[in-house]
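Hi,

Here is the model I promised to send over. Have a look at it first, and my notes follow below.

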Amino acid sequence: MKILVVYYSKYGHVMKMAQAAAEGINSVKDCEAVLRRAEEFEDEVKRIESDEFARPVWEQQKDIQVCTLDDLRNADGIMLGTPTRYGNMIAQMKRLLDSTAELWMEGALEGKPAGLFTSTATTHGGQETTLLASMIPLFHLGMIIAGVPYSTPGMLHTEGRGGTPYGATTLAGQQNELNPAREDLEIASALGRRIADLAVKIRG
Ligand SMILES: Cc1cc2nc3c(=O)[nH]c(=O)nc-3n(C[C@H](O)[C@H](O)[C@H](O)COP(=O)(O)O)c2cc1C
């Protein structure tokens, strides 16, 4: 089973969550994570080149291929990771989803399991709204969306760390100075395993 992990990350937080999700996927028998990034906007590349914090993260992702429609078509399950922009997904990811009309017409994504993850600067910066809003196009595409059950270790927390029932999350901090906490990465990994397990059950 090929499970696509498609993400965008400017400062590295969502990238680390994507890597954790991929580890979870790869731990499931007969499943392989395919890591792809949403294509960057040309004008944003120019801004990144003059941003001392974003530039090294950009360099680190140079070998990650840009997600294509065939990557989506060939996947048995999909995980989608996006930083939060004003409580919603990032435009680069929306552009990818808005380019899927032919997949929608073919029904190419129908019945495939999907899971989501995000990052915000602040605790109440909109993790749940981003996750829920990002689900809407996936419902239109006929995907079967799975969240994180409360039996997952780390889910019963009262701090700003750990995931949500709608997907895995992390906090970047106001200056993007934080790192994903261990429990954030573990929940991202657990969600990766869950999507891979579901793909085996649904499509195996
Ligand atoms: C235009 C813009 C809008 C943002 N909106 C939010 C927001 O609504 N809530 C929030 O907590 N953080 C917001 N942020 C901060 C980002 O979510 C944060 O930088 C991101 O999660 C870091 O992920 P990354 O390291 O993978 O790029 C925003 C940042 C930018 C540039």
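Let me start with a residue on the outside: His 124 counts as exposed because it has just 8 C-beta neighbours inside 10 Å. For burial I call a residue buried if 20 or more other C-beta atoms lie within 10 Å of its own, exposed if 12 or fewer, and partly exposed in between, with C-beta atoms placed from the backbone. You'll find His 124 in the loop between strand 4 and helix 7 (127-140). Its C-alpha atom is 12 Å from that of Ala 172, and the two residues are 48 apart along the chain.

Before the rest, two notes on conventions. This is a predicted model, so local features need pLDDT of at least 70 and side-chain atom pairs count only at pLDDT 80 or more, while totals for chains, interfaces and linings use all residues. Residues are numbered from 1 along each chain as its sequence is written.

Now the overall picture. The protein chain has eight helices and six strands, and from the N terminus on they run β-α-β-α-α-α-β-α-α-β-α-β-β-α. The radius of gyration is 16 Å, close to the 17 Å that the globule rule gives for 204 residues, so the chain is as compact as a globular protein of that length. (That radius is taken over C-alpha atoms, and the rule is 2.2 Å times the number of residues to the power 0.38.) Helices here are DSSP runs of H or I with at least four residues, strands are runs of E with at least two, and both are numbered from the N terminus. Along its principal axes the C-alpha trace spans about 45 × 40 × 25 Å. Of the 204 residues, 42% count as buried. Among contacts between residues at least 6 apart in sequence, 79% join residues at least 24 apart; a contact means C-beta atoms, placed from the backbone, within 7 Å.

On to the interior. The largest nonpolar core has 49 residues, and Ile 3, Val 5 and Ala 21 have the most contacts inside it. Such a core is a set of buried Ala, Val, Leu, Ile, Met, Phe, Trp, Tyr and Cys residues joined through C-beta atoms within 7 Å. Elements that each supply at least two residues include strand 1 (2-7), helix 1 (13-26), strand 2 (32-37) and helix 8 (182-203). Which element gives the largest share of this core? That is helix 8, with nine residues.

Strand 1 is mostly covered, with five of its six residues buried. It pairs with strand 2 in the parallel sense over six bridges, where pairing requires at least two DSSP bridges between the strands. Ile 3 stands opposite Ala 33 in strand 2, and Tyr 7 has Arg 37 as its bridge partner there. Leaving out residues up to four places away in sequence, Ile 3 also touches a good many others, among them Ile 25, Cys 31, Met 79, Ile 195 and Ala 199. Strand 2 itself alternates: Ala 33, Leu 35 and Arg 37 point to one face and are buried, while Glu 32, Val 34 and Arg 36 point to the other and are not.

Another buried spot is Thr 152, which counts as such because 21 other C-beta atoms lie within 10 Å. Thr 152 is in the loop between strand 5 (144-145) and strand 6 (168-171). Not counting residues up to four places away in sequence, Thr 152 touches Ile 187 and Ala 190; the C-alpha atoms of Thr 152 and Ala 190 are 7.4 Å apart, with their positions 38 residues apart along the chain.

Then the ligand. A shell of 20 residues surrounds it, the closest being Tyr 11, Val 14, Ser 119, Thr 120 and Gly 125; to be in the shell, a residue needs its C-beta atom, placed from the backbone, within 6 Å of the molecule. Helix 1 and strand 4 are the elements that give two or more residues to it, and helix 1 gives the most, with three. By class, the shell has seven nonpolar, 11 polar and two charged residues. (Ala, Val, Leu, Ile, Met, Phe, Trp, Tyr, Cys and Pro count as nonpolar, Asp, Glu, Lys and Arg as charged, and the others, Gly among them, as polar.)

Last, some backbone oddities. Asp 30 has a positive phi of about 70° although it is not a glycine, and it sits in the loop between helix 1 and strand 2. Tyr 86, in the loop between strand 3 and helix 5, has a positive phi of about 50°.

Cheers

Definitions and conventions: Contact = placed C-beta atoms within 7 Å.
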